[in-house]
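Trainee: Could we go through this structure together, and could you tell me the reasoning behind each label as we go?
Mentor: Gladly; ask away.

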Amino acid sequence: MTKRWLIALGLLASVLSWQARAELVIEITGGSEAALPIALVPFGSEGFTAPLDMSEVIRNDLAGSGRFSPLPKQDLISQPHEQAEVNFADWRLLRSEGLLVGKVSSVDGQTYDVQFQLFDVYKAQQLVGKRYQVPASGLRRLAHQIADQVYQALTGEIGVFATRLAFVTVINNADGSKRFALQVSDADGANPRTVLQSKEPIMSPNWSPDGDRLSYVSFENGTTEVFVQEMSSGRRDSVAAFKGINSAPSWSPDGKKLALTLSKGGNPEIYVLELVSGNLSRVTHNSQSIDTEAVWLPNSNELLFTSDRGGRPQIYKVSVDGGTASRVTFEGNYNSSPDVSPDGRYLAMVHGISGKYYIAVQDLASGAVKVLTETGRDESPSFAPNSRMILYATERNGKGVLAAVSVDGRIKQRLGEAGIDVREPAWSPIRK
Amino acid sequence: MKVIKLLTVSLILVGLAGCSSLGSSKKDSDAMQNGDVSIEDRNADSSGLEGGKAYGSDVNSEKQVIVGEGGYQDGQFNDPSSPLSHRIVYFDYDSSTVRPQDLPVLEAHAAYLSAHPNASIRVEGHTDDRGSREYNLALGERRALAIRQILMLQGAGINQFQVTSYGEERLAAEGYDESVWSKNRRVELTYLGR
């Protein structure tokens, strides 16, 4: 059984005019059969119109995850906003397992008081209940945080709705030139904002573990150069501009180092750069092969990387201190773009089969490989911080779009901006 | 001194696929002029003209050039019958091995660079858009370096080169079949300051 919803998200921030034309869409292209029925009652707002329909944001988050099946609004028997107004027997009749109610009130016209309660309908018990005061600009993020709490309370897994995505967009100008933009949006694609724009290519954004810095590759000075940009302050530093390739930045779990690919020695090799001291240590020493795309294992002591030392690109593992690398992938003759799930269990990669490229996941303990996607033009996998979903880039109708698939392959989502090429996604960590 | 340089280059070239075919120092000007070299020149009409250099009206009379003796004239960069007008070299899938049919053109560029030590050239590597972008960035550089090594073996100096890779970030053509991919797997040569 395939569920198929199309949810158009309004309220698109008009960062730039060409963005304002785009419509952000999350489409569930394959859902879990075990989607949990939940009743989401529109939050009450006494005597005023709230600047944001928070329950709609929560509804889109939960439905878009593929793990929940919110009751249609017309089926809601009543409109309670707090526990005293809830008749649990009604909601049991609707076979809803969870019930979310809440209300928003205006404190002084600028600050809003938000409270919510999540109930287990069958036990007639409150699972979570909280109250917040936020400015109008904080309502959307708070809605995502409430969705995270509902998700966690009912699935036992960490919710990732309050996270962000970074990605690169490309538009073709009328004169044949291109405009590249590095953008950051909410996890649902809303609130896109441009953090870098260039006529030259931008590649490989990667989030710092604190979720406030992005490292990326920019060709703005005529060749590859690695930058680190802080989202909160806008501060931007060039951290690698050596002769040759400067690319594939990846943050260490402590946020103090970057693994990089540099070819300053004549051949692409993996290095580790200490950001504060600028100390550079070389990890790989294989002068005949391409060694690139290093990512850290959660133990902080080892890296996975792509190398063609065996003739074709495969994923290898090496100690951060160097030494002999051991091969990790054996299935298929093309495996690249490794990303490790934050829990350390899975390796996501681009898996080539007969000239087509798919996202596959390998269980690092057993070595079992599962191909998760179908188009054959899939690349750049990036794990969600809860290790459950994998965001990646693919193509539809000749345009780059983003998509996500669950590690078990059962939930599939598509997230794209119509008419604009989108590529190179990176899912942020959970913001502290 | 040039011998020392060439020796160094030869050492660098150990292990370079296809280098055995480079050992020939045969200067076959007929091959240089041969129009069936399978290289497409997308820059023939646009590049190299901005400098306002006066090109001789005798461009077409310069056919009998002697490669290696500095016989090439600037005008030949735009003369389709000259190998110097060919400044794109194509590659097989996931390969940085230069095809034998491209060697005459590279020999001509090497001869020009050798005879004009002040000339410099940008060697830009590209790939098709399949697979990993980062791996392709490295593959593009490997292609560019393979071209540079051949040009150096033939007498060009290392300081005459600016090597860069765009990987799959600057496609020459877009599409989903081998005819498109093969146009993207390339190294572009651009003479600087011309």
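**Sheets, burial and contacts**

Mentor: Let us begin with an open sheet in chain A, which has 4 strands in the order β11-β10-β9-β32 with antiparallel pairing. Keep in mind that this is a predicted model.

Trainee: What makes β11 and β32 of chain A the edge strands?

Mentor: Each of them, β11 (193-198) and β32 (421-427) of chain A, pairs on one side only. As for the twist, neighbouring strands of this sheet are turned by 20 degrees against each other on average, direction ignored.

Trainee: How do you know that β10 and β11 of chain A count as a pair?

Mentor: Two strands pair if DSSP finds at least two bridges between them. Strand β10 (residues 178-186) of chain A is joined to β11(A) by 5 bridges, and the two run antiparallel. One bridge to look at has A:V184 with A:R193 in β11(A) as its partner.

Trainee: Why is strand β29 of chain A called largely enclosed?

Mentor: The cut-off for a buried residue is 20 or more other C-beta atoms within 10 Å of its own. In β29 (residues 389-396) of chain A, 7 of the 8 residues are buried, so the strand is largely enclosed by the rest of the structure.

Trainee: Which strands pair with β29(A), and over how many bridges?

Mentor: Strand β28 (residues 379-383) of chain A pairs with β29(A) in the antiparallel sense over 3 bridges, and strand β30 (residues 399-406) of chain A does so, also antiparallel, over 8 bridges. Both values satisfy the requirement of at least two bridges. For the β28 pairing, find A:F383, whose bridge partner in β29(A) is A:I390. For the β30 pairing, A:A393 stands opposite A:L402 in β30(A).

Trainee: What is found in the turns of the two hairpins?

Mentor: The hairpin of β28(A) and β29(A) has 5 residues between the strands, and A:S387 in that turn has a positive phi of about 65 degrees. Between β29(A) and β30(A) there are 2 residues, and in this hairpin A:N397 takes a positive phi near 50 degrees.

Trainee: What makes α2 of chain A largely enclosed?

Mentor: The burial count again: 10 of the 11 residues of α2(A) are buried, so the helix is largely enclosed by the rest of the structure. Among the buried residues are A:M54, A:V57, A:I58 and A:L62, and also A:R59 and A:D61. After the helix comes A:G66, whose phi is positive, near 80 degrees.

Trainee: Where does α2(A) figure in the contact between the domains?

Mentor: Chain A is divided into domain 1 (32-155) and domain 2 (164-427), with C-alpha centres 36 Å apart. In the contact, 7 residues of domain 1 meet 7 residues of domain 2 of chain A. On the domain 1 side, α2 (54-64) and α4 (139-155) of chain A are the elements that give two or more residues, and α2(A) has the largest share, 3 residues. That side divides into no nonpolar, 5 polar and 2 charged residues.

Trainee: Why does A:S137 count as exposed?

Mentor: The exposed class takes residues with 12 or fewer C-beta neighbours within 10 Å. A:S137 has 10 inside that distance, so it counts as exposed. You will find A:S137 in the loop between β8 (125-135) and α4 of chain A. Its C-alpha atom is separated by 48 Å from that of A:E331, 194 residues apart along the chain.

Trainee: How many residues does each chain give to the contact between chain A and chain B?

Mentor: Chain A gives 26 residues and chain B gives 16 residues. On the chain A side, the elements with two or more residues are β12, β16, β20, β24 and β25 of chain A. The largest share, 3 residues, comes from β24(A). By type, this side divides into 11 nonpolar, 13 polar and 2 charged residues.

Trainee: And what is chain B built from?

Mentor: Chain B has 5 helices and 4 strands, running α-α-β-α-β-α-β-α-β from the N terminus on. Of its 194 residues, 44% are buried.

How values were computed
Residues numbered from 1 in each chain as written. Chains lettered and ligands numbered in written order. Predicted model: local features only at pLDDT ≥ 70, side-chain atom pairs only at ≥ 80, totals over all residues. Contact = placed C-beta atoms within 7 Å. Nonpolar A, V, L, I, M, F, W, Y, C, P; charged D, E, K, R; others polar. Domains from an automatic or database assignment. Axes fitted to C-alpha atoms, helices over the stretch in contact; angles between N-to-C directions.
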